[in-house]
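Trainee: I've just opened this one and could use a tour. Can we go through it piece by piece?

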Amino acid sequence: CGLVFGGGAATAFFAVRELYEGFEQAATEKEDDHPDMEGQDMEPETVHDTDEVQDPALEEAPEDMDIPDENVHETWSKSELRAEIEEILDSRNWIYDEQDLRAISRVTAAMAEKASELIADVHAVSTNTTWFEDTVESSRTFAGLIISDTDSEILILSTDEAADSGESYSVTFSDGTEKEALLKQISRQDGICVIAVSKEGLGEEFLSDLRTADIGSALNVSEGSMVLALGAPLGKVRSFDIGYIGMKSEAEETVDGQQEVFYSSINSDPQHGTFIFNMEGQLIGLAASDKSTESVTGIVSTSYLKRAIDRLTEGEPLPYIGITGSGISFDMSYQGMPSGMYVTEVSSGSPAYDAGIKNGDIITGIGDTNISDVRSYENAVRLLKSGDSVTVRLMRSSGSSGYTELSFDVNVGTR
């Protein structure tokens with residue numbers, strides 16, 4: 001509100017002042033054109049009454065109506081006056097002062113404080129035995145995000161590192177409430193897990209105040225969008241950072257699908273959990289270890305992750321084949337490759353690897369579903385269930401003999 005009010009006030013001030021100077025110059029030229037007026041005092045306050053410039057009649061005048069000014073004997077149309085003001089505004093380089101920066105800081109701080117209520121500390125506890133055969137418990141803390149509130153439990157999204165670091169778990173909420181938790185489901189390929197906390201024993205006041213994250217759409221996120229990093233962006237749970245999206249990559253290859261990925265210079269710690277929010281307080285992505293470097297944070301969009309998160313919150317394991325692929329380009333098709341999804345990599349030890357699928361194969365079907373590109377392949381895999389057996393049809397190059405159609409039975413694994 002402060003920025004809007006200050007900007008409006010500054011705009012009005014500079015616009016009126018510029019018009020005032022223009023009228024004063026016109027009056028001076030009039031005095032030069034009339035020698036009989038020499039020696040007479042021209043009071044600016046009398047000749048250039050700004051109230052006349054701001055006459056409400058200007059707003060009611062027709063678009064092309066000439067508006068006389070009896071002081072300067074010059075005609076101004078409403079459209080010309082508007083154009084003059086717009087030119088003035090375009091030429092100004094606004095400078096924000098310390099109060100403006102403080103106002104922005106207060107807004108972002110308030111947003112971070114509100115969003116931090118969605119963050120929970122996930123404690124992963126493991127048991128070790130010392131050289132003297134004493135049992136010692138050790139604990140690591142990760143950031144979690146409250147994503148669902150069912151009739152019986154509270155579900156918290158965290159990293160797969162948290163799941164792998166403990167034999168038992170507990171969660172501390174923002175108000176200090178601590179409760180034992182269980183690992184509900186995990187997806188190591190996506191680097192996430194879901195932790196469940198039973199509602200039993202939690203007070204009514206706590207439950208009534210509990211908020212869950214709004215998993216928003218990332219469609220409106222673009223280069224230059226301001227974002228908040230919550231969780232553990234500085235390596236410590238409940239730290240906070242603010243930054244901007246520097247690049248948007250809409251379709252990057254990943255195992256069994258494609259990802260929409262954002263890149264930013266914002267701080268992050270994917271292992272301990274970094275959740276990225278837009279300025280409306282909606283979750284738009286998660287910092288990913290395999291997409292990030294020391295200087296750049298890769299953020300996997302919720303456009304890709306939401307369906308995976310929904311499956312995990314229901315306790316269902318995600319299906320896994322283990323193929324990374326790309327579409328058949330025009331050049332590839334021109335060289336005689338059949339339509340389908342070109343296999344660029346088969347993950348070692350994956351169901352596809354064990355079945356005999358190789359790099360360079362072209363997937364043409366899964367079960368009864370025909371595959372034409374990566375998107376159709378991804379949708380077909382998502383309909384599968386872990387433990388299913390499915391037939392994968394493909395075309396394999398036979399050198400100079402062209403392509404041979406083959407089929408493989410694949411036992412669907414867990415992602």
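Trainee: Let's begin with S289. Leaving aside its neighbours within four places in sequence, which residues is S289 in contact with?

Mentor: Keep in mind that this is a predicted model. S289 sits in the loop that links β13 and β14. Once its neighbours within four places in sequence are set aside, the contacts of S289 are P270 and Q271.

Trainee: How far apart are the C-alpha atoms of S289 and Q271?

Mentor: Along the chain, S289 and Q271 are 18 residues apart. Their side chains make a polar contact at 3.1 Å. From C-alpha to C-alpha, the separation of S289 and Q271 is 7.0 Å.

Trainee: Is S289 buried, partly exposed or exposed?

Mentor: Buried would need under 20% relative accessible area, and exposed would need over 50%. S289 has 39% relative accessibility, so it counts as partly exposed.

Trainee: Now the largest pocket. Which residues are the closest to its centre?

Mentor: The volume of the largest pocket is about 380 Å³. It is lined by 24 residues. S289 turns up again here, since the closest to the centre are D190, G191, A288, S289 and D290.

Trainee: And which elements give two or more residues to the lining of the largest pocket?

Mentor: Look at two stretches of the chain. One holds β5 (153–159) and α7 (160–164), and the other holds β12 (274–277) and β13. The elements that give two or more residues to that lining are thus β5, α7, β12 and β13.

Trainee: In what order do the strands of the barrel close?

Mentor: The barrel has 6 strands, with antiparallel pairing. From one strand to the next, the twist averages 45°. The order is β9-β10-β11-β14-β13-β12.

Trainee: Take β11 and β14 from that barrel. Which residue in β14 is the bridge partner of Y263?

Mentor: Strand β11 covers residues 257–264 and β14 covers residues 297–301. The two run antiparallel and are joined by 4 bridges. In β14, the partner of Y263 is G298.

Trainee: At what angle does helix α9 run to β14?

Mentor: Helix α9 takes in residues 302–313. It lies across β10, β11, β13 and β14. Its angle to β14 is about 55°.

Trainee: I see R238 and D256 have positive phi values. Is D256 buried or exposed?

Mentor: R238 is in the loop between β9 and β10, with phi at about 75° although R238 is not a glycine. At 36% relative accessibility, R238 counts as partly exposed. D256 belongs to the loop between β10 and β11, and its phi is near 60°. The cut-off for buried is under 20%, so with a relative accessible area of 5%, D256 is buried.

Trainee: Further along the chain, which residue in β17 is the bridge partner of I323?

Mentor: Strand β16 (residues 323–327) is mostly covered, with 4 of its 5 residues buried. It pairs with β17 (residues 341–346) in the antiparallel sense over 5 bridges. The partner of I323 in β17 is V346.

Trainee: Last one: which residue caps the N-terminal end of α12?

Mentor: Helix α12 (residues 374–382) is mostly covered, since 7 of its 9 residues are buried. Among them are V374, Y377 and V381. At the N-terminal end, a side-chain oxygen of the capping residue lies 3.3 Å from the backbone nitrogen of R375. That cap is D373.

Key: Residues numbered from 1 in each chain as written. Predicted model: local features only at pLDDT ≥ 70, side-chain atom pairs only at ≥ 80, totals over all residues. Heavy atoms only, no water. Pairing = 2+ DSSP bridges. Axes fitted to C-alpha atoms, helices over the stretch in contact; angles between N-to-C directions. Contact = heavy atoms within 4.5 Å. Buried < 20%, exposed > 50% of the residue type's maximum accessible area, 1.4 Å probe, protein only. Polar contact = N/O pair within 3.5 Å; in protein donor to acceptor, adjacent residues only side chain to side chain. 1 Å grid on protein atoms, 1.4 Å probe; cavity = no way out; pocket = protein on both sides within 12 Å on 5 of 7 lines; lining within 4 Å. Points joined across faces, edges and corners; volume = space filled by probe spheres on them.
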